[in-house]
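This report describes a protein chain from the whole fold down to selected residues. The sequence and structure are shown first.

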Amino acid sequence: MVENRLNSKAFDRFAEAASAVVNPSIEDWKSQGGRVLGYFCSAFPEELLAAGGILPVRLRATGSEGTELSDSFFSPVNCSFPRHAFNMALSGDYAFIDGVVMFNSCDHIRRIYDHWIRQLDTTFVEILSWPKKAEAAQVEFFRAEFERLRESVEKHFGVELRDDAIEEQIALHNRTRRLLREIYELRKGDAPPINGAEMLTVTVASTAMPKPIYNECLEELLGELKSGDGITDHRARVMMLGGELDNPELIAVIEGQGALVVTDSLCFGSRLLWAQVEEGTGDPLQALAQYYLADRPACARMFTEYDRRAAYIREMVSEFKVDGAIFERLTFCEIYGFEQFSLINDFKEWGVPLLAMDRDYLLSGAGQLRTRVQAFLETMES
Ligand code: SF4
C-alpha cells in the first residue's frame, strides 16, 4: 500500500480500495444485500449496471501470490495478468461477485472467458465483442452489444435498466471524471501536490467503490490538494505509458529514484477520465457506446486509432512539461508491443527520452527497475 504522505482520510480509503480486490465499501454494499458485477477492461459501461442498483467492480489480480492453479489452463507465454486473475478466480478470491463480464480485449483475456464458463459455477458470465475500429458502424454495433447486455442483466438479476436511470448515472460518472481531471490539472504546475503513485491509487480506487461514496472522498481530497504543499524535490517530470498497470507501488519504486510522475496514458489512469459521456441525448446507450468506443482515449488494441493516441500523448507531454517517459508493458503482450515500437520512434522524433521496459504482473525485480530508472534519469540530466 502506498504511504499516506498526504495525511488524508479520503486518501486512506482510496489506498484501501487499491491495495486489495475487495474493500470495506464493497463489503458494506454486500452486507446490505447489494449485488456486484465484476468486469475486465476499461471499455465496460459502468453506468448501465449502476442504473439497476448493481455495483460494477473492475477485476484486478492485486494480492495474487502465484499461478499454480491457472497454470493448468494457461501457457507460460500467456500474459501474466490473466494468469494471475484466473488463479484468483479459481482460488475463490472473487467470491464477492455475483457475475462477471469480459471483452474479447485480446486473446489472453479471452482465454479467461473460455476457461471460466467451464471451470467455475458463476451463474452470470457474459462476453462482449469490442470492435477494433471506432467509426459509426462500429459504434452502432457496440450499442447493440450494450443492449444485449442490458437484456441479459435485466433477465438474470430481475432489475430494470431504464434510460432515465442510465442518464442519471452518466451525470454521476461524469462528475467523477471531472473531479479527477481537476486533480490532473493541478499536476501541470511546477510543484504538483500529488505524486504518480498516489494518483494511480486514486484512479484505481475509482473502479472499486460505489460512485457516490467515491465522489464524496474525491471532493475532500481535491480540497486538501488545492490547499496543500507542492512537491519540489524531484529530478525529472515523467509520463507513464502502457496498458494494465494497476499497482501504484511500481510507480513508487520509480519515484523513489527521484522522478516525479506528473501524468500518464494508462488504462487505469488518464484514459479513464479524460473525456466525458454526452448527456441528455435521449439515447443514453448510444451515448455510452460513442464514449467507450470512440470518444475516450483509445486502448492500443484499436490499431486504426494510433494517430489519435499519439496526438493525445504528444499534447500531454507539452501540457505537463514532461522531461521523459517510461513505457511499461506486460511481457508477451503483443498489443502493447506494437504500441511500444511505434512510440519509441515518435518519441525519438519529438526529441523526448523514452525508457521502454517489460515486466511481470507481480512487482518483481524492483532492484533492476531502480537501476534502469537511475540510468534513465542520469541521461536526462546529462
Ligand atoms: S496487458 Fe496486453 S496481453 Fe495482457 S491482458 Fe492487457 S491487452 Fe491483453
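## Two residues with positive phi

In this predicted model, N7 lies in the segment before helix 1, which covers residues 9-18. The phi angle of N7 is near 50 degrees, a positive value in a residue other than glycine. N7 is exposed, because its relative accessible area of 70% is over the 50% cut-off.

C41 also has a positive phi, near 80 degrees, and is likewise a residue other than glycine. C41 is placed in the loop between strand 1 (35-39) and helix 3 (46-50). C41 is buried: its relative accessible area is 16%, and the limit for a buried residue is under 20%. Thus N7 is exposed, whereas C41 is buried.

## Overall fold and dimensions

The secondary structure of the protein chain consists of 14 helices and eight strands. The chain has a radius of gyration of 20 Å, and the globule rule gives 21 Å for 382 residues; because these values are close, the chain is as compact as a globular protein of that length. Along its principal axes, the C-alpha trace spans about 60 × 45 × 40 Å.

## Burial, contacts and surface

Of the 382 residues in the protein chain, 59% are buried. C41 is one of the buried residues. Contacts can also be described by separation along the sequence. Among contacts between residues at least 6 apart in sequence, 74% join residues at least 24 apart.

The protein chain exposes about 15,100 Å². Carbon and sulfur atoms supply 49% of this exposed area.

## Packing of helix 7 and helix 8

Helix 7 comprises residues 163-186 and helix 8 comprises residues 196-205; their axes come within 12 Å and cross at roughly 175 degrees. Helix 7 is therefore roughly antiparallel to helix 8, as the crossing angle is over the 145 degrees required for that description.

The contact brings together L180, I183 and Y184 from helix 7 with M199, V202 and T203 from helix 8. By class, this contact between helix 7 and helix 8 has five nonpolar residues, one polar residue and no charged residues. The polar residue is T203, because Leu, Ile, Tyr, Met and Val count as nonpolar.

Conventions:
Residues are numbered from 1 along each chain as its sequence is written. This is a predicted model: local features need pLDDT of at least 70, side-chain atom pairs count only at pLDDT 80 or more; totals for chains, interfaces and linings use all residues. Side-chain values use heavy atoms; hydrogens and water are left out. Axes are lines fitted to C-alpha atoms, for helices over the stretch in contact, and angles run from 0 to 180 degrees between N-to-C directions. Helices (H or I, at least four residues) and strands (E, at least two) are DSSP runs, numbered from the N terminus. Angles under 35 degrees count as roughly parallel, over 145 as roughly antiparallel, 65 to 115 as roughly perpendicular and the rest as oblique. Contact means heavy atoms within 4.5 Å. The radius of gyration is taken over C-alpha atoms; the globule rule is 2.2 Å times the number of residues to the power 0.38. Buried means under 20% relative accessible area, exposed over 50%, partly exposed in between (1.4 Å probe, protein chains only). Accessible areas come from the Shrake-Rupley method with a 1.4 Å probe; for residues, only the protein chains shown count as cover.
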